[in-house]
Amino acid sequence: MAEDGLQLRAGDERIVVLTGPFAQKALPALLKSMDGKKTIAQLAEKLAPLLNEEEIEEAVEMMAERHLLQDGEEWPEELLYYSNFEIPLEELQKKLQEAKLLLIGPPPLTSPLADLFRAHGIAGVREQTFSSLTEEELKNHSLLIYKEDRFSTQPQQLNELCMKTKLPWLISSTAPGTHAVVGPLFVPNETCCLACYLYRRQSNTENLVEFIAREKHLYEVGCQKAFGSLPAHETLINSLTVIESLNHIIGHHNCHLYNECIFIDVTTAKSWREPV
């Protein structure tokens, strides 16, 4: 075989010999990058300027015609689920790989949620406490999720930071009392902000004076929830948080949290949606 040749084998019975500059330099680099997970465009981006999309496509077709290729690993189940909604799997995979989430709250609350996001194909998950958060750290993230189990003024402060940095964010809360809430998902300049949400909530509340007085007291004392919950309740809340967050990340129309909240009664495990 010539020195500039490359021998490809499929088992012991199929041997293909290629020669020339392409076989000597470009094809070995292409083969090393073909792991069954990348699209033609992603391969071209990685191998530029050695190869462009057209050259890669021709090489892949040639190897397929000679039965030198086999399918890569199967698509993860989360991608197959979303494929039911006619979203290209390559596009889904790219969005999940590029997503960068910032989880704000105490580690006992954020860690289980972070693990659940990673199990759904999002590796770019960072946990941080509110006290160490700065405006600069919000940049280059796709979504911020605030986990709380007590009343505080942190959401109002987060809202200001997210409005400045144009970062979408949502609340995942087990405070107060017997009800947990997921949402709303605030998208700066597109949906209502936290201030609008609080005004709307007050307008729908009976005995507004008593409601405001109670909230003011709870904010001042930083009161923990008075009613306990089970780890299973937190798993349910985190699961709903992940589902709605993924819908937002991939741009799926089934994300309802732009104008709704999901409420969960931890005493009955019933959930329902309410407009905001």
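Q: Two strands pair if DSSP finds at least two bridges between them. In this predicted model, over how many bridges do β8 and β9 pair?
A: Strand β8 covers residues 260-265, and its pairing with β9 runs in the antiparallel sense. One of the bridge partners to look for is Lys-270 in β9, which sits opposite Asp-265. The count of bridges joining β8 and β9 is six.

Q: Which strands stand at the edges of the open sheet?
A: The sheet has seven strands with mixed pairing, in the order β4-β3-β5-β6-β7-β8-β9. An edge strand has a single partner, so one of its sides is left without a neighbour in the sheet. That describes β4 (125-128) and β9 (270-275).

Q: By how many degrees are neighbouring strands of this seven-stranded sheet turned against each other on average?
A: Try following the order β4-β3-β5-β6-β7-β8-β9 across the open sheet. With direction ignored, the average turn from one strand to its neighbour is 15 degrees.

Q: Which strands does helix α8 touch as it packs on the sheet?
A: Helix α8 is made of residues 154-165, and its direction makes about 175 degrees with that of β5. The strands in touch with α8 are β5 (143-148) and β6 (169-173).

Q: What angle does the direction of helix α11 make with that of β5?
A: Helix α11 (residues 231-249) also packs on the sheet. The strands that α11 touches are β3 (101-104), β5, β6, β7 (179-186), β8 and β9. Against the direction of β5, the direction of α11 makes about 165 degrees.

Q: How far apart are the end C-alpha atoms of α11?
A: Helix α11 has 19 residues, and at 1.5 Å a residue they should span 27 Å. The model agrees with that expectation, because the end C-alpha atoms of α11 are apart by 26 Å.

Q: Where in α1 does a kink lie?
A: Helix α1 takes in the 13 residues 21-33, and its end C-alpha atoms are 18 Å apart, which agrees with the expected 18 Å. The buried residues of α1 are Ala-23, Ala-26, Leu-27, Leu-30 and Ser-33. The kink is about 40 degrees and comes shortly before the proline Pro-28, at Leu-27.

Q: Is Glu-54 buried or exposed?
A: You can find Glu-54 in helix α3 (residues 53-65). From Ala-41, Glu-54 is 13 residues away in sequence and 9.6 Å away in space, C-alpha to C-alpha. Exposed means over 50% relative accessible area. Glu-54 has 55% relative accessibility, so this residue counts as exposed.

Q: Where is Pro-184 placed, the residue reached by a cis peptide bond from Gly-183?
A: Most residues other than glycine have a negative phi, and most peptide bonds are trans. The bond from Ala-48 to Pro-49 is cis, with omega near 0 degrees, and Pro-49 sits in the loop between α2 (40-47) and α3. The bond from Gly-183 to Pro-184 is also cis, with omega near 0 degrees. The place of Pro-184 is in strand β7.

Q: What is the relative accessible area of Asn-140?
A: Asn-140 belongs to the loop between α7 (135-138) and β5. Although Asn-140 is not a glycine, its phi is positive, at about 65 degrees. Asn-140 is exposed, because its relative accessible area is 72%.

Q: What phi does Ala-269 take in the hairpin of β8 and β9?
A: Four residues lie between the strands of this hairpin, and Ala-269 is found in that loop. At 48% relative accessibility, Ala-269 counts as partly exposed. Its phi is positive in a residue other than glycine, near 65 degrees.

Q: What share of the residues of the protein chain counts as buried?
A: The chain has eleven helices and nine strands. It exposes about 15800 Å², of which carbon and sulfur atoms supply 51%. Of its 276 residues, the share that counts as buried is 41%.

Terms used: Residues numbered from 1 in each chain as written. Predicted model: local features only at pLDDT ≥ 70, side-chain atom pairs only at ≥ 80, totals over all residues. Heavy atoms only, no water. Helix = DSSP H or I, 4+ residues; strand = E, 2+ residues; numbered from the N terminus. Expected span 1.5 Å × (residues − 1). Bend = angle between axes of the 7 residues up to and from the residue. Buried < 20%, exposed > 50% of the residue type's maximum accessible area, 1.4 Å probe, protein only. Areas by Shrake-Rupley, 256 points an atom, 1.4 Å probe, with all protein chains shown as cover. Axes fitted to C-alpha atoms, helices over the stretch in contact; angles between N-to-C directions. Contact = heavy atoms within 4.5 Å.
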